[in-house]
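I opened the notebook to look up how aromatic rings pair in this model and what surrounds them.

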Amino acid sequence: MDSSIDWSILPPGTEAGTFDAPSGRLATATWGPRDGVPVLLLPGITGSKEDFSLIGPALGSSGYRAVAVDLAGQFASGDAGPDESGHWSLDLHTEDALAILRKIGPAHLVGYSYSGVVASRVAVTHPELLRSVVYLSAPPLSGDSFRKMRVVGALSRFVTPKMGSAILRGAIRNGINWLPRKRKEFIKYRLKFTQKQSVDDTMETMMAVPDYEEALATSPLPRLVTAGSGDLWSLKTHRAFADRVGAEFKSYRSGHSPAESKPKEYARDLIDFFHKVDEGKLASETPL
């Protein structure tokens, strides 16, 4: 990762904006021509649109209209939500994604980490709104997805969602020392604007992932699973998920996000995959 990047500043040419979603006003970053094939980029827990800053411009330069958002309850969308029950639920985040997709048209959907669960929900309930689905270091298991996580997996059954959320937030505040200084500072900064309850709620979803695998395996939507060799889950676990849902699989020598640590390689693979879909070289019955 380039240590000179200031992650608090969106790249030149980025269109910063907002979208009025069911949960409230979401912060957005957009790249590429207005008439380009749309791509929706959804970040993970405590993440933000900036997590796609290194691949968004490449997608835009290739003619795609790439839209990244901050999830409701997190960073610049911290004031969006909660739902009527007082939570930032999977339903809430899915309804927001559906609203965006209805606005921008059938799109390629990239779900990073937690948002891979959102992507699966969208894919099995509203495939007509999608061109393809890409999983970026997403939970590769239904149920408690942490049970096969490296190192701590054996302890997951003893950890509640609130405990897991506290551990994650504590790690962000006091750990992540291996990251470049500016990246680390930005991650800590955006956590100040993220609703604690939203992290608790998304963690709860990660520990009770609905089983969409059979529905995905029979879906006509093209699917791609991507992960780094140093991810939270092993490449073997990610590859097994790809096999179960009938997806292509790509791996990288990176950590949890190849989109940040291997952006050129990752953007190239996304563009190649999208081109194959858009040119009809991969089976799809969704409107193109």
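Is Phe75 buried or exposed? I found Phe75 buried, at a relative accessible area of 12% (buried means under 20%, exposed over 50%, partly exposed in between, with a 1.4 Å probe and protein chains only).

I noted that this is a predicted model, in which local features need pLDDT of at least 70, side-chain atom pairs count only at pLDDT 80 or more, and totals for chains, interfaces and linings use all residues. Residues are numbered from 1 along each chain as its sequence is written, and side-chain values use heavy atoms, with hydrogens and water left out.

I then looked up ring pairs, taking rings of Phe, Tyr and Trp (its six-membered ring) as paired if their centres lie within 6.5 Å, with planes under 30 degrees apart stacked, over 60 edge-to-face and the rest tilted. The count is 10 aromatic pairs. For Phe75 and Tyr189 the centres are 6.2 Å apart and the planes at 75°, so I entered the pair as edge-to-face. Phe75 belongs to the loop between strand S4 (64-69) and helix H2 (90-104), and Tyr189 to helix H5 (residues 181-191), so this pair ties together parts 114 residues apart in sequence (helices, H or I of at least four residues, and strands, E of at least two, are DSSP runs numbered from the N terminus).

Tyr189 is partly exposed at 39%, and Tyr189 also pairs edge-to-face with Phe193, at 5.0 Å centre to centre and 65° between the planes. I recorded a cluster of Phe75, Phe186, Tyr189 and Phe193, linked by ring pairs.
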